[in-house]
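Please read the following report alongside the sequence and the coordinates. The sections below take up selected parts of the chain and its ligands in turn.

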Amino acid sequence: MKDHLIVFDTTLRDGEQSPGASMTRDEKLRIARQLERMRVDVIEAGFPAASNGDFESVRAIAEAIRESTVCGLARANEADIRRAGEAIAPAARGRIHTFIATSPIHMEMKLRMTPDQVVEQAVRAVGWAKEYTDDIEFSAEDAGRSEIDFLCRIFEAVIKAGAKTINVPDTVGYNVPEQYAQTIRTLIERVPDADKVVWSVHCHNDLGLAVANSLAAVMAGARQVECTLNGLGERAGNAALEELVMAVRTRQDVFPCDTRIDATQIVPASKLVSGVTGFPVQPNKAIVGANAFAHESGIHQDGVLKHRETYEIMRAEDVGWGANKLVLGKHSGRNAFRSRLQEIGIVVASEEHLNHAFARFKELADKKHEIFDEDIQALMSDEVVTPDQEHYRLVASRFHSETGETPRADLTLSVDGQETRTSAEGSGPVDAAFKAIEAIAGSGTELLLYSVNAITTGTDAQGEVTVRLAREGKVVNGQGADTDIIVASAKAYLNALNKLHSKFERLNPQL
Ligand code: KIV
Ligand code: ZN
């Protein structure tokens, strides 16, 4: 029997700390449901003390998720831990993840605490967490630059206090594989009762080594990997879940453990995260990049046609490529639509929302013969299906673009239920549409990102547009999908404005 390697996904916490990747509560819930479907063991749902919005997101995920452990992050102080404890209370299985920095530079310059005080605070933190759950994870922040003797000392103390998972983060992505593996080996050898806890690794990708470091640590005895979808995360990101899972699975001849991940859910999960955050996946990204399984050279194509394994070490369909099977068409009824939503894990809040969504589905089916799961996902992320959250809505549009003429957009918008017309000229039809919207909204925002992706293949595919807007330090991502990419662009812009309009203030700055 191989050991079980625990997959701890932190897309919703460390991933969200990536500048511009902020997500709404509903978006986090959708991602959490996809993580559960993928059979992730632990979902780090957020940092409840960071803001009311974070608290509510963690709590909503704790209420909705039954199969994965739901974890809340907390600094090693009483207020943070109590907030995390309350947020995870409804979970079927809830974990508190508490951390304090242990490197000389962090203790001295950031915490302004002595090593003795840090150990004492860590032990007290575990004590507070025990009032809420037995499932306590302790992280030594910046362990990658901490002294090994001090790590042994603090880990011994928190294990005695009741921590069940010991995480050794390479917070600044400074480590290299053999050295990091040696750190894990030494800790497991030297810390008393090391065999009573799970050793966990959490690697950042500043030197492009997050996955390599994590895998080296697994070979040295770590049995939990902390990671994010698409490697999302602060700076250069975290270790990529898809790469860790598939490396371990593909090289079972090397690794003494395996995960329980349903790998066919990886590509849908990657697309969902990329769509919600507006962070595109580079085409040559391992596993989830559009070209990850594409063979261009004639020699390779010839080899693959003769015998697939000549050039392929994994099958595209095993990680979820090509799973966008044709699902529904223009003659499909409301019940078929409802059951397909259930199958792909989308929960509709009410019959009214279902009716809105079904009407939108019918509109799309008139324009596009074949409707794939990705089309439905995009449709459901459109705020038209949650009318109560809509301040601005696109009612009608006309765009004019002709050689030698200045492009122009004429829009009818609904603003809080009141229809109003607006027009503008621009350097192109998208620019004109955004200017027409701004003539009404006057939002004072800065456009940080505009990106367009085809959701499926073919020229009748829907274009999915992401717009990132910033105002007074608050960043939101808006999405819009349509077979007409100018319409999709206007919808994405309005979606971002709607998010700015609904308040989800962070109380504290991000960590
Ligand atoms: O990188 C880090 O050290 C963290 C901790 C909070 C685990 O994200
Ligand atoms: Zn981190």
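## Helix H9 and its packing

In this predicted model, helix H9, which spans residues 241-250, has Leu 241, Glu 242, Leu 244, Val 245, Met 246 and Val 248 among its buried residues. An α-helix has 3.6 residues a turn, so residues three or four places apart point the same way. The buried residues of H9 pack against two helices, H8 (210-219) and H10 (266-277), and against the strands E2 (6-9), E9 (224-227) and E10 (257-258).

## Confidence in the model

The protein chain has a mean pLDDT of 91, with 95% of its residues reaching 70 or more. Over residues 503-511, however, the pLDDT is below 50, although this stretch has 26 contacts in the model beyond near neighbours in sequence. Where pLDDT is low, the predicted coordinates should not be read in detail.

## The zinc site

Which residues coordinate the zinc ion (ligand 2)? The donors are Asp 14, through OD, together with His 202 and His 204, each through NE2, at 2.0 to 2.1 Å. Along the chain these donors follow the spacing D-x187-H-x1-H. Distant parts of the chain are linked by the pair Asp 14 and His 202, which are 188 residues apart: Asp 14 is in the loop between E2 and helix H1 (25-37), whereas His 202 is in strand E8 (residues 198-203).

Are Asp 14 and His 202 buried or exposed? Asp 14 counts as buried because its relative accessibility is 2%, and His 202 counts as buried because its relative accessibility is 5%.

## The surroundings of ligand 1

The residues around ligand 1 are Arg 13, Asp 14, His 97, Phe 99, Ser 139, Glu 141, Pro 169, Thr 171, His 202 and His 204, and this list includes the zinc donors Asp 14, His 202 and His 204. Oxygen atoms of ligand 1 lie 2.9 Å from a side-chain N or O atom of Arg 13, 3.1 Å from one of His 202 and 3.0 Å from one of His 204. The protein covers 95% of the 260 Å² of accessible area that ligand 1 has on its own. Strand E5 (94-101) and strand E6 (136-141) are the elements that give two or more residues to the shell around this ligand.

## Ala 140 in strand E6

Ala 140 also lies in strand E6, and with a relative accessibility of 0% this residue therefore counts as buried. Leaving aside residues up to four places away in sequence, Ala 140 touches Ile 100, Thr 102, Leu 151, Phe 155, Asn 167 and Pro 169. Of these contacts, Phe 155 is 15 residues away from Ala 140 in sequence, with a C-alpha to C-alpha separation of 8.4 Å.

## Thr 412 and Ser 451

Thr 412 is part of strand E14 (residues 408-415) and counts as buried, because its relative accessibility is 12%, which is under the 20% limit for that class. Its contacts, not counting residues up to four places away in sequence, are with Arg 393, Leu 394, Val 395 and Ala 396, and with Glu 419, Thr 420 and Arg 421.

Ser 451, in strand E16 (residues 446-454), is likewise buried, with a relative accessible area of 17%. On the same exclusion of residues up to four places away in sequence, Ser 451 touches Glu 464, Val 465 and Thr 466. The C-alpha atoms of Ser 451 and Asn 213 are separated by 32 Å, and the two residues are 238 residues apart along the chain.

Terms used
Residues are numbered from 1 along each chain as its sequence is written. Chains are lettered from A and ligands numbered from 1 in the order in which they are written. This is a predicted model: local features need pLDDT of at least 70, side-chain atom pairs count only at pLDDT 80 or more; totals for chains, interfaces and linings use all residues. Side-chain values use heavy atoms; hydrogens and water are left out. Helices (H or I, at least four residues) and strands (E, at least two) are DSSP runs, numbered from the N terminus. Buried means under 20% relative accessible area, exposed over 50%, partly exposed in between (1.4 Å probe, protein chains only). Contact means heavy atoms within 4.5 Å. pLDDT is the predictor's confidence in each residue, from 0 to 100. Donors are N, O and S atoms within 2.8 Å of the metal (3.2 Å for Na, K and Ca); water is not among the atoms, so sites may look incomplete. A residue is near a molecule or strand if one of its heavy atoms lies within 4 Å of it. A polar contact is a pair of N or O atoms within 3.5 Å; within protein, one must be able to donate a hydrogen and the other to accept it, and residues adjacent in sequence count only if both atoms are side-chain atoms. Accessible areas come from the Shrake-Rupley method with a 1.4 Å probe; for residues, only the protein chains shown count as cover.
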